[in-house]
Amino acid sequence: MDNKDSEAEIHPLKTEDVKAQENHENSVERRIVSKQSSRLSRLSRWRTAAFFISLFLCLIIVFAFSFIIPCPERPVSERTWFRNYDNAVAYQFLAIEDVNEDKVQDVIFAFKASNGSSSFNRTCLDEGLPSPCAFVAAVSGTNGRAVWERPAAEEVEWMECGIKQLGEAEAPGCLLVGKPVSLTAVDLQTGEVQWRQSSDFGANYTVLTPVSVIPDVDSDGVQDLIIFIAAGDKIKTFIHSGKNGKQIGSTRSLNVDGKARYIKVKLDSSSYFLFYTENSLYAYSLKDLYSAATGMEIKVPSLEQDPQWAKNIDRATHRLSLLSSGDIRYLAKIPVGSRENILVVNSEMATMINAQNLQTLWTLNVSRVVSEPLLGYYKPDVLGVVLESEIGLNRKKVMIVEGGSGAVQWDLKLNSRAESPGPATLSTADHRSAFLIWGEYQAAGNETTSKAPLQKLYLFHPSYTNVLLELRNSTDQIIAFNAALFERSRHACYVLLRGPQPSEEPGSVSLMKRKLKEDVSESRVIWLSQVAVDSEQYVRDRLYRMRFHSRV
């Protein structure tokens with residue numbers, strides 16, 4: 001301490017300089033801290049402002065989308081609608097497709113009249129056709145209003161819709177086979193004609209349906225069409241371009257031993273057409289048919305002949321040695337994963353054939369099947385087949401058969417008219433199907449063979465194996481019947497086309513769409529056994545709440 005005091009006395013100015021320097025440094029540090037605090041404060045205010053601005057913008061966007069910007073309007077489908085045509089006849093054709101792209105299925109049908117509906121006020125003379133003529137019409141599935149309507153031909157032999165890449169249109173189209181002989185491609189969305197081609201099918205011919213789509217064989221980038229025409233004991237083959245309708249190659253004839261029908265079977269590396277008569281079964285590969293029509297080898301590597309099938313096909317007659325017994329009534333394709341099996345139905349039994357090796361999988365005794373086999377699901381995700389067989393005068397038996405084993409899962413006996421529509425199925429959310437069946441049910445012990453059974457529509461669902469719902473009673477002549485989900489996984493409906501046929505005098509033609517739930521709520525519950533598990537109203541309510549599912 002003495003030394004410090006003495007030093008301070010000796011150097012007084014030096015001490016004052018040190019103190020001044022220390023004060024300056026402290027002042028600088030305080031200014032730096034103050035500036036940093038000010039910067040942090042300003043940054044904090046900017047962050048707060050940015051947060052509230054972002055929150056405000058989010059609220060504005062939510063408000064705009066909720067109240068100001070309108071959401072896409074969902075079409076409101078009427079539960080039931082009718083469309084009537086006077087002084088007309090109806091063709092046995094009904095297709096369900098989305099015509100106007102509103103995600104609701106629409107209805108396409110054909111009728112013959114002198115004039116169309118008042119919505120378009122078109123006549124046969126507008127298309128240079130004699131009156132009356134055949135009209136093709138597309139009707140909205142939401143309300144029954146006409147989307148488009150067009151005179152198409154003098155007569156309609158056959159019509160098929162939903163064909164992709166038909167003409168230059170991007171949307172699917174309809175192919176119409178008319179009389180006098182003509183092929184007409186119609187745009188599904190507008191009804192405009194894409195192309196029209198005349199063809200010489202000969203006299204007294206019948207178009208074998210459906211028309212088959214084949215790969216592009218003329219290298220124009222559009223898939224092509226193969227049409228089979230039956231005339232006596234011969235089948236004529238026509239290959240037409242899907243782009244412009246022109247015939248590819250020349251006409252070739254196939255020899256058969258009677259009235260024939262056909263199905264197309266697709267294998268792993270080839271496609272075959274199976275023609276069947278009452279006594280015989282014939283098989284032709286697409287490669288053979290193309291080579292015969294054009295005189296050239298087809299250049300599509302995925303359509304080679306199948307070695308296993310080639311062994312079983314007689315080279316001279318093209319008969320397929322699949323079954324020993326004849327009298328074939330129906331052939332049907334049964335999907336199994338990515339492959340297809342073949343169901344052969346003759347007058348005495350049904351036989352399932354493995355399409356890959358042509359071996360029999362199962363057989364079932366069933367006589368005189370009266371309608372095309374129909375696919376449905378009795379068990380969840382287990383494919384079944386609906387068969388209707390004649391068991392007496394105005395009597396039929398409906399069976400649901402498991403596709404994998406041939407076991408009968410459910411059956412029902414009904415009175416039935418000869419002209420009654422076939423059954424229909426709708427996929428439900430429990431991975432099964434609702435079955436729609438026409439006939440007249442009579443309780444056990446009360447069966448009578450009526451000369452003119454009533455035409456009633458019944459609903460059956462596997463959740464109630466002993467219950468039928470009687471939906472409606474129709475006394476009119478039904479030309480065509482179909483059922484579908486008009487919106488994806490919802491709005492289950494059925495469609496009825498009623499009126500006189502082309503061979504009858506003109507009269508009133510009626511097209512009706514009816515929502516299935518409307519009939520379920522007013523239905524009559526029929527107990528197939530004497531044991532009633534639940535009340536009738538509970539059964540109606542449960543089936544009314546049944547949800548549906550659109551299978552891919």
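Two strands count as paired if DSSP finds at least two bridges between them. Keep that rule in mind on this tour. The model on your screen is predicted.

**Stop 1: strands 1 and 2**

Select residues 106-113, which make up strand 2. Now add strand 1, residues 80-97. How many bridges join strand 1 to strand 2? There are six, and the two strands run antiparallel. At least two bridges are needed for a pair, so these six qualify. For one facing couple, click I96 and then V107 in strand 2: they stand opposite each other.

**Stop 2: strands 1 and 30**

Keep strand 1 and add strand 30, residues 507-515. This pairing is antiparallel too, and it has seven bridges. Two facing couples are worth a click. F82 stands opposite M512 in strand 30. T80 stands opposite R514 in strand 30.

**Stop 3: the whole sheet**

Strands of a sheet pair through backbone hydrogen bonds, either parallel or antiparallel. Which order do the strands take in this open sheet? Read across it as 4-3-2-1-30-29-28, seven strands with antiparallel pairing. Select 146-153 for strand 4 and 478-487 for strand 28. These are the edge strands, and each pairs on one side only. Turn the sheet and follow its twist, which averages 25 degrees from one strand to the next.

**Stop 4: A153 in an edge strand**

Zoom in on A153, in strand 4. Is A153 buried or exposed? A153 is buried, because its relative accessible area is 5% and the limit for buried is under 20%. Show what touches it. Leaving aside neighbours within four places in sequence, A153 is in contact with L129, C133, A134, L176, G178 and K179. Then pick P180. A153 and P180 are 27 residues apart in sequence, yet 7.8 Å apart in space, C-alpha to C-alpha.

**Stop 5: aromatic pairs**

Next, show the rings. The whole structure holds 19 aromatic pairs. Start with F93 and W158, an edge-to-face pair. Their centres are 6.4 Å apart, with 80 degrees between the planes. F93 is in strand 1 and W158 is in strand 5, residues 155-163, so this pair links distant parts of the chain, 65 residues apart. F93 counts as buried, at 9% relative accessibility. W158 counts as partly exposed, at 25%.

Move on to F111 and F135. Why is this pair stacked? The ring centres are 5.4 Å apart and the planes lie at 5 degrees, and planes under 30 degrees apart count as stacked. F111 belongs to strand 2 and F135 to strand 3, residues 133-139. This pair also links distant parts of the chain, with the two positions 24 residues apart in sequence. Both F111 and F135 are buried.

Now select F228, Y262, F273, F275 and Y284 together. Ring pairs link these five residues into a cluster.

**Stop 6: charges over rings**

Finish with two lysines. K513 lies over the face of F486, at 5.4 Å from the ring centre. Then jump to K517. Its charged end sits over the ring of Y544, 5.3 Å from the centre.

Note on methods:
Residues are numbered from 1 along each chain as its sequence is written. This is a predicted model: local features need pLDDT of at least 70, side-chain atom pairs count only at pLDDT 80 or more; totals for chains, interfaces and linings use all residues. Side-chain values use heavy atoms; hydrogens and water are left out. Helices (H or I, at least four residues) and strands (E, at least two) are DSSP runs, numbered from the N terminus. Axes are lines fitted to C-alpha atoms, for helices over the stretch in contact, and angles run from 0 to 180 degrees between N-to-C directions. Rings of Phe, Tyr and Trp (its six-membered ring) pair if their centres lie within 6.5 Å; planes under 30 degrees apart count as stacked, over 60 as edge-to-face and the rest as tilted. Buried means under 20% relative accessible area, exposed over 50%, partly exposed in between (1.4 Å probe, protein chains only). A charge sits over a ring if NZ of Lys or CZ of Arg is within 6 Å of the ring centre and within 35 degrees of the ring normal. Contact means heavy atoms within 4.5 Å.
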